[in-house]
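Here is a friendly round of questions about how some labels on a model are earned. Have a look at the structure first, then read on.

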Amino acid sequence: MPDQLLQQLADGLLIGLMYSLIAIGLTLIWGVMNIVNFAHGEFLMLGMFTSFWLFTLYGIDPIFSIPICFVLMFVMGMLIYRFIVSKVMKGPMLAQLVVTFGLSIFIANLAVYFWTPDFRLLPPTMLQGTWQIGGVALSIPKVAASLGSVIASVCMFFFLKRTKTGKAILATEMDREAALLMGINTERINSLSFGIGAALVGVAGAFLSTYYYIYPQVGGLFGTIAFCVVALGGFGSIEGAFIAGILVGLAQTLGGFYFDPSYKYAIVFMIYLITIWIRPQGLMGW
Amino acid sequence: MWYFLSDEAHSRRRIHFISLYGTVEPFISKLGTEKNMSRRKNVMASKNCTRVLSVALSLLLILFFSVSAQSQQKVIKIGAVYPLTGNIASTGLDCKRGVDLAVDIINGKYDLDLPLAKSAGLPNLGGAKIEMVYADTKGDPKNGMSEAERLITSENVVAMLGAYQSAVTKTASQITERLRIPYVCSDSSSPTLTERGFKYFFRVSPHDDIFARDQFQFLKDLEKKTGQAVHNIAVLYENTEFGSNAGKAYKKYAAEFGYKVVADITYTANATDVTSEVGKLIVSKPDVLMHASYITDAILFTKTFKEMGFQPKGIMTMAGYIEPGYLPSVKADGNYIIVRSTFALDLAKKKPLIGKVNALFKKKYGIDMSENAARSFMAPFVLAEAINRAKSTAPEAIVKALHETDIPGSQTIYPWKGIKFDPQTNQNIYARGTLVQILNQEYVTIWPFDSASKPVVWPFPAWKGR
């Protein structure tokens with residue numbers, strides 16, 4: 001029995017760190033631009049497919065395709081911001097909502113059109129197998145993804161706090177107008193944040209592709225959970241998203257194990273509801 | 001929510017861009033284009049008298065076509081509702097392929113041991129041919145209802161087939177019951193369909209209750225054959241209509257056959273992670289796992305079983321594990337899992353008819369016959385054979401003939417004793433499931449033991465050292 005408790009704790013932590021990585025990009029975009037990116041789950045799906053095709057067509061192992069995913073998704077994010085999102089930034093709030101919403105449906109359907117709705121799994125890659133530590137089985141791809149998530153979060157944290165560009169992003173997040181007055185090119189910051197947000201979720205997709213099945217609608221579920229994580233951690237807060245991701249992962253596995261698995265997502269959302277009842281701004285929001 | 005717009009999140013193909021106008025009423029649409037083309041020519045000529053003339057001409061053409069259609073040999077129209085577009089269009093198309101091939105065999109002359117195969121058309125009705133009229137349900141029970149009504153009232157079909165999804169079959173058959181039209185179903189598996197006391201609804205194929213019972217019968221047979229005892233069962237099922245009914249059936253028969261249910265776990269099929277479910281399974285230490293799933297969860301569970309080293313003596317499953325998308329995804333990790341089925345190509349060794357039918361299927365469509373196509377294949381034969389014996393297309397006469405149906409097992413493509421309907425429920429009393437085991441990444445029939453093409457691998461080999 002204690003073995004299973006440890007197992008569930010470990011798995012909760014691993015899946016939670018994956019949620020963190022997905023949510024960090026989302027929270028960044030929200031924090032800087034006040035835009036809810038409904039297409040975030042679809043960006044994840046694109047990351048997964050990028051990794052899948054790089055492996056299938058060119059034999060590039062997902063671990064090496066991570067930087068490629070980062071760059072490709074970064075460029076795509078910038079382009080989407082430049083040609084689509086920036087156009088509606090001046091429009092009413094509803095237009096901003098609808099544009100990413102429409103984008104998510106468009107991307108998912110485009111993926112169905114090009115890649116069919118079939119399910120795909122990568123064959124065993126360099127990251128495979130399980131570690132048996134005592135009575136606990138740790139899946140190596142999940143451990144690698146979690147490490148990746150920790151590294152990415154730490155990098156993001158230092159990038160935002162220590163570099164000039166990072167500080168400019170934070171400044172824009174806090175007060176756009178003041179940032180403008182201080183000579184920050186907020187338009188550039190916007191497109192940069194959108195690019196980084198997309199790139200981070202692209203990396204998450206590459207990691208996820210090593211152990212999860214890939215299909216055009218895969219973004220739906222992960223996207224919903226990412227929203228929950230962002231709201232729980234506090235909109236715009238990187239540290240918040242990181243902690244909230246782990247919390248959600250643990251709530252899901254432990255809740256499912258000790259109560260009824262069919263209610264595990266209900267437990268996750270209940271924790272979220274209780275949190276915003278006590279702290280409407282989320283755990284680390286301001 | 002927007003993410004769940006395509007709700008059948010579990011079927012393999014969800015969104016299709018193909019529209020299939022052509023399949024429904026091809027005749028009428030052909031006339032429509034004829035008319036349009038001649039109209040377009042008129043505009044180009046742009047002279048009033050020519051316009052009048054060609055309108056008259058096209059009207060004549062329509063008259064000519066409809067007259068010639070009527071003066072043709074007598075046809076018997078049978079309606080069929082299937083999900084031809086929408087979320088599970090690929091499944092609907094698969095079923096339609098089976099039906100179309102069956103109609104080809106009935107209408108043409110084939111040297112096959114199937115009802116009416118050797119004669120062209122229905123001999124007792126002067127060689128009348130079967131004509132299928134398809135309607136698209138889009139996978140929605142509402143459309144199933146309205147399309148069935150349209151087929152009966154404006155297309156004048158004399159009988160109905162379809163609709164694959166149990167929920168759609170349920171509503172479509174309510175209409176046929178009200179309008180007193182016979183409905184022969186061979187592709188829906190919900191047990192409740194034949195428990196409604198309907199007089200015009202007949203089912204050829206087995207239902208989930210039979211499938212669940214079969215899996216326990218298999219365990220009993222196995223214990224007798226190998227002397228390995230099975231005591232504890234874990235029941236795992238997704239929590240919508242299909243899964244919860246299958247779970248109910250599992251629990252019912254576990255009690256009846258004297259097995260102890262040590263875990264009773266429901267879950268949501270659309271999950272990011274199933275470690276807590278598998279953790280619960282491991283703790284309960286079952287001898288056998290019985291799992292009713294869709295495809296996405298089947299893939300996720302298989303991976304998690306392996307990862308966490310869940311190791312019962314056997315894994316017996318329904319539905320998800322036999323979807324065409326399952327094996328290509330999990331590959332060798334699917335080996336040794338047992339799935340319920342009505343059909344498997346390897347049965348051809350024992351029953352050459354299956355090989356011959358599959359050869360025809362492959363020639364026509366370029367692919368092997370799937371379980372879906374094979375299930376839908378039988379309904380047209382049952383109907384046509386009954387109509388032929390009834391020598392009439394009157395509903396009452398067909399129903400009477402259906403009650404007297406007694407097709408021997410040798411004239412089916414399944415390992416059954418035959419087709420004969422229960423006088424109360426109209427369920428085929430001989431319908432039973434088979435069990436296939438995934439061996440070397442292929443579905444191989446392993447039960448009933450007398451139809452098996454390979455012996456079952458039991459217990460489930462350890463994940464390590466595979």
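Q: How many residues does each chain bring to the contact of chain A and chain B?
A: In this predicted model, 51 residues come from chain A and 39 residues from chain B. The area buried between the two chains is about 3700 Å², with 58% of that given by carbon and sulfur atoms. On the chain A side, F119(A), L121(A) and Y213(A) lose the most area to chain B, together 17% of what that side buries.

Q: What makes the pair K142(A) and D273(B) a salt bridge?
A: The label asks for a side-chain nitrogen of Lys or Arg within 4 Å of a carboxyl oxygen of Asp or Glu. Here the N to O distance is 3.9 Å, so the pair passes that limit. Across the interface the rule finds three salt bridges, and the count of residue pairs in polar contact is 10.

Q: Which element gives the most to the side of chain A that touches chain B?
A: That is α9(A), with eight residues. The residues of that side divide into 25 nonpolar, 19 polar and seven charged.

Q: Why is α6(A) called roughly perpendicular to α8(A)?
A: The axes of the two helices come within 10 Å and cross at roughly 100°. Angles of 65 to 115 degrees count as roughly perpendicular, so α6(A) earns that name with respect to α8(A). Among the residues making the contact are I169(A) of α6(A) and L192(A) of α8(A).

Q: How do the residues of this helix contact divide into nonpolar, polar and charged?
A: Five are nonpolar, four are polar and none is charged.

Notes
Residues are numbered from 1 along each chain as its sequence is written. Chains are lettered from A and ligands numbered from 1 in the order in which they are written. This is a predicted model: local features need pLDDT of at least 70, side-chain atom pairs count only at pLDDT 80 or more; totals for chains, interfaces and linings use all residues. Side-chain values use heavy atoms; hydrogens and water are left out. Axes are lines fitted to C-alpha atoms, for helices over the stretch in contact, and angles run from 0 to 180 degrees between N-to-C directions. Helices (H or I, at least four residues) and strands (E, at least two) are DSSP runs, numbered from the N terminus. Angles under 35 degrees count as roughly parallel, over 145 as roughly antiparallel, 65 to 115 as roughly perpendicular and the rest as oblique. Contact means heavy atoms within 4.5 Å. Ala, Val, Leu, Ile, Met, Phe, Trp, Tyr, Cys and Pro count as nonpolar, Asp, Glu, Lys and Arg as charged, and the others, Gly among them, as polar. Buried area is the accessible area (1.4 Å probe) that two parts lose on being put together, summed over both. A polar contact is a pair of N or O atoms within 3.5 Å; within protein, one must be able to donate a hydrogen and the other to accept it, and residues adjacent in sequence count only if both atoms are side-chain atoms.
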